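Please take a moment to look over the sequence and the model shown here before reading on. The report is meant to be read beside them.

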Amino acid sequence: RKVARKKASSAVGFLQVSSQSDAEEDEALEEGFGGGSEPGVGDLTATLTEVKEQTSAEHTAITEAEEKSSAAYQELSASLQSEVDVRQAAVTEIQSAISSSEEAESRDKSELLSAERLLAVTKSQLTQLKVDLEDKKKDFAERTKSRSKETEHV
């Protein structure tokens, strides 16, 4: 029993010391958060300040890089738009040339058709003239024969 009492009183003593130690730590923390100069809190403030500065520096660097990228994009976009405009003008010029060529082709086809019609009419007239010539040759030959007979008779 004595051993048990000793152990019980040691446990009670330990708990009281532990309680006092916890109370002291709580007070120290309250002082640290209240603006005291606790070494752990100061280190935390310095760390947070350093993190803030690093983050701010990273943010500035990223913002500058983004601005440079944006400027490069704008420059590239303007250059490509200029190239598109030049090529569009070339396409328009080619389309105009094609249109002129198609008009000339249409005009030439029309002239060819007219020439072919004229040729057909001329060939038809030539054929008619050949037939008339043959008829006149026959008539002439017959008249010549009849005159020569008349001349012989006279």
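What follows describes the chain as a whole, then its salt bridges, and then a charged patch on its surface.

The model is a predicted one, and in it the chain has two helices and zero strands. Of the 154 residues in the chain, buried residues make up 1%. The accessible surface of the chain comes to about 14,100 Å², and carbon and sulfur atoms account for 57% of that surface.

How many salt bridges does the structure hold? There are two salt bridges, and the table below sets out the residues that form them, together with the distance between nitrogen and oxygen atoms.

| Salt bridge | N to O distance |
|---|---|
| Arg87 and Glu83 | 3.1 Å |
| Lys109 and Glu105 | 3.5 Å |

In the pair formed by Arg87 and Glu83, both residues lie in helix H2, where they are four residues apart, a spacing of about one turn of the helix. Arg87 has a relative accessibility of 55%, and because exposed means over 50%, Arg87 counts as exposed. Glu83, on the other hand, has a relative accessible area of 37%, so Glu83 is partly exposed.

Why are Lys109 and Glu105 separated by about one helical turn? The reason is that Lys109 and Glu105 are four residues apart in helix H2. Lys109 is exposed, because its relative accessible area is 53%, while Glu105, with a relative accessibility of 42%, counts as partly exposed.

The remaining topic is charge on the surface. A negative surface patch is formed by Asp132, Glu134, Asp135, Asp139 and Glu142. One of these residues, Asp132, is found in helix H2, which covers residues 39-153. Is Asp132 exposed, partly exposed or buried? Its relative accessibility is 32%, which lies between the limits of 20% for buried and 50% for exposed, and therefore Asp132 counts as partly exposed.

Definitions and conventions:
Residues numbered from 1 in each chain as written. Predicted model: local features only at pLDDT ≥ 70, side-chain atom pairs only at ≥ 80, totals over all residues. Heavy atoms only, no water. Buried < 20%, exposed > 50% of the residue type's maximum accessible area, 1.4 Å probe, protein only. Areas by Shrake-Rupley, 256 points an atom, 1.4 Å probe, with all protein chains shown as cover. Patch = residues over 30% accessible without salt bridge, like charges linked within 9 Å, V, L, I, M, F, W, Y side chains within 5 Å. Salt bridge = Lys/Arg side-chain N within 4 Å of Asp/Glu carboxyl O. Lys, Arg positive; Asp, Glu negative; His and termini not counted. Charge placed at Lys NZ, Arg CZ, Asp CG, Glu CD.
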